[in-house]
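Here are my notes from a pass through this one, in numbered points. Have the viewer open while you read.

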Amino acid sequence: MSETARWDTLIRNALVFDGTGVAPTREDLAILNGRIAARGAELPAEQAEVVIDADGRWLMPGLLDIHTHFDLEVELAPGLPEAVRHGTTTVVFGNCSLGLAFGSQRRNGEDPIVDCFARVENIPKSVLTRVVDQVRWSDSAGYLSHFDALPLGPNVVPLLPHSMLRAEVMGLRESVTRYPTEAELARMESLIERAMHEGYPGFSTDALPFHYLANDPHRRTKIPRQWGSYKELKRLTHVVRRHDRVWQATPPKDSPPQVLRNFLLTSGRLFGKPLKITAVAALDIATNKGIAKLGRLLSRLLNSRLLKGHFRFQALAAPFKVYWDGPINPLAEEIDELRELNEPDLDDRDARMRLLNDPAFQGRFRKMWNYGKSGFNLANLARRLQRERMAFGRRLEDMVFVQVPGDVDALWKGTTFQEVFDRLARWQASQEGARSQAEADVFAAFPAPIGSEADFMLHLFRTYDLDLRWYVVSANRDPAVVKDLLFNPLVLPGFNDSGAHLTNMAFYDANLRGLQMAQQDGLDRVAWHVKRLTRDPADFFGVRAGRLDVGEQADVILVDPAALQAYDSDAHTRRIHRDAFQNDQMVNRSDGVVTLTLIAGKVAWSGAQHGDTLGLEQMGRVLRHTSCEPEAKAGSKAGASLATAA
């Protein structure tokens, strides 16, 4: 730094949204030694080493992504490049009862990390194995400490995961066959107690009934958390309650009474002190339009004066567009026959073909595909009323081709399965309707007559396997309902699932999409929503982030409002090869919307490229709960000294 410079960086002329929710003001912001040193109008440019003119842009705290599965990627690519390009500077992981808090946990031939993550989060075993092979810690304290040696991009907020806790205490095999003994349950409580003292901001569980293990002999066995009782859940979350930490949960969706019983654990009136709960997810499910309404009602009840809870659903600021690799997709696990096709390893095509060519399986598949689609019965009534149990509606008109090997790829891409099915039926009846000779040749290979939609699907899966790419928007189709959920004050924005489902989902830009919705309603709404993406979740999880106060770590982003308004996420979603994974991944490219991402004052993203040192030197750090965070306690002192110096 030159002798005359007082600051490392000065950002001038920005419209500043400070994360408090107040109306934005035009200000300058100065950074020194990775912290915010001064804020105000017309700060002296000659006193800064680097001056950035932010005229016409919005300045705000770095955004929090509160529901990610970056646990694996942070070990392979600690800069988390697919997060920082969208303005994310803090990520929460260890969600849904899965994580690395207890190391590899490889004992007695068990491989819990690979077994749990592979199907629940749709991450290839080869990627998972590369991570587990390099794990060198074996307890929750060692996990936090190892981040000190990683060149982190964003700050990381790990939760303690319940499935891994059960496997740690009981062993994987025992954790998926029985309840714990009293001694084992006491041991779980003590490990959570220890983790709370170490600074873990929370504890995660999972109760979705279609989360299964991926290795023999457990491929038809649910993950460890699914084997826990209400007694176990109540005792473990009581530890979390005493420490005023967060319980991240997913509901046992097929049992409303259990959902209510579990989430009543938030009640301060019933249990003496509120338990902070954040739950997945406030989605407008296409096959069951009652879910969103029930979610809003449940939130009001749990947070009412009657129950005195502290409960927040999580919302996704985007249509829930999920891509399929042939029959492989997280939604498939909910349906028995599709789950059978998801049980084999991804590279085990032979196992899938044996199923698809088995007449008994074909019969089961046809019965499943046609369930509720005709006749006078409760299933058909539920379908007509949009009150189905399954999230995947099995409607060809909702299913869209993305990629088909061969000469029909360009012809089918972007069209629905229903359109192709109808042309196939016409062609088989009259040899007319095919749009090209190539399509006629493909039609000639189908069973004739095609018989049913189920036979159409069976043929596609047999012919193309994982090379068939398609998508369904299974939730959040109505922008007005999405907006209503996202802006509900009893909901936290951020069910983004970043880092999971590598080839099935891409919601890394969802926080920007939420800002885009807020932008439609004016700057006051933007200011309020910036608070919901920064200070609110930071306060909920009890970590020091999402602030622009003097003395705070300089996690700052600049947003171009014109680029944000024009941004089309669908047009910028693509599948790329990630060298870090040695695997493909679905990503978003919002380049130009966020023009600068600084983490601790260092450039993580600038316009259209990552900072030169991203992933090479440490920017962010592991964030412990503020009650256990020395830097947070020192933050006010640092702020006072910096303000005095300014």
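1. A term before we start: a contact here means heavy atoms within 4.5 Å. With that in hand, look at helix H6, whose buried residues pack against helix H3 (112–120), strand S9 (160–161), helix H7 (172–175), helix H8 (182–198), strand S10 (202–204) and helix H9 (230–242). Keep in mind throughout that this is a predicted model.

2. How enclosed is H6 itself? Eight of the nine residues of this helix (residues 162–170) are buried, so the rest of the structure largely encloses it. The buried set is His162, Ser163, Met164, Leu165, Arg166, Ala167, Val169 and Met170. Right after H6 comes glycine 171, with a positive phi near 85°.

3. Helix H23 (residues 523–533) is worth a similar look. Its buried residues are Val526, Ala527, His529, Val530, Arg532 and Leu533. As a general reminder, an α-helix has 3.6 residues a turn, so residues three or four places apart point the same way. The partners of the buried H23 residues include three helices by name, H21 (479–486), H22 (510–519) and H24 (535–541). On the strand side, those buried residues pack against S5 (58–61), S6 (63–65) and S17 (491–493).

4. Next, a helix pair. H18 (residues 417–430) and H20 (residues 453–464) pack at an angle of about 105°, and their axes are 11 Å apart. The two are therefore roughly perpendicular to each other. On the H18 side the contact uses Phe417, Gln418, Val420, Phe421 and Leu424, while H20 brings in Glu453, Phe456, Met457 and Leu460. By type, the residues of this contact split into seven nonpolar, one polar and one charged.

5. There is an open sheet of three strands, in the order S14-S16-S15, with antiparallel pairing. S14 (320–325) and S15 (399–403) stand at the edges with a single partner strand each, so one side of each has no neighbour in the sheet. Ignoring direction, neighbouring strands of this sheet are turned by 30° against each other on average. S14 pairs with S16 (residues 469–475) in the antiparallel sense over six bridges. If you want a spot to zoom in on, tryptophan 324 has tryptophan 470 of S16 as its bridge partner.

6. Leucine 275 sits in the loop between helix H11 (268–271) and strand S12 (276–282). Is this loop residue buried or exposed? Leucine 275 has 1% relative accessibility and so counts as buried. Leaving aside residues up to four places away in sequence, leucine 275 touches Thr237, Val240, Arg241, Arg245, Trp247, Leu265, Thr266 and His310. Between leucine 275 and histidine 310 there are 6.2 Å from C-alpha to C-alpha, though they are 35 residues apart in sequence.

7. On the cysteines: a search of the whole structure turns up zero disulfides. Take cysteine 116, which is in no disulfide; the nearest cysteine sulfur, that of cysteine 96, is 12 Å away. Cysteine 116 is buried, with a relative accessible area of 0%. Cysteine 628, at 23%, is partly exposed.

8. Now the backbone oddities. For context, most residues other than glycine have a negative phi, and most peptide bonds are trans. The bond from aspartate 216 to proline 217 is cis, with omega near 5°, and proline 217 lies in the loop between S10 and H9. Another cis bond runs from alanine 448 to proline 449, with omega near -5°. Proline 449 belongs to the loop between helix H19 (437–444) and H20.

9. Two non-glycine residues with positive phi are also worth a click. Glutamate 42 has a phi of about 55° and lies in the loop between strand S3 (35–40) and strand S4 (48–53). With 71% relative accessibility, glutamate 42 counts as exposed. Aspartate 465 has a positive phi of about 50° and is found in the loop between H20 and S16. Which side of the cut-off is aspartate 465 on, buried or exposed? Its relative accessible area is 5%, so aspartate 465 is buried.

Technical notes. Residues numbered from 1 in each chain as written. Predicted model: local features only at pLDDT ≥ 70, side-chain atom pairs only at ≥ 80, totals over all residues. Heavy atoms only, no water. Buried < 20%, exposed > 50% of the residue type's maximum accessible area, 1.4 Å probe, protein only. Helix = DSSP H or I, 4+ residues; strand = E, 2+ residues; numbered from the N terminus. Axes fitted to C-alpha atoms, helices over the stretch in contact; angles between N-to-C directions. Parallel < 35°, antiparallel > 145°, perpendicular 65-115°, else oblique. Nonpolar A, V, L, I, M, F, W, Y, C, P; charged D, E, K, R; others polar. Pairing = 2+ DSSP bridges. Disulfide = S-S within 2.5 Å.
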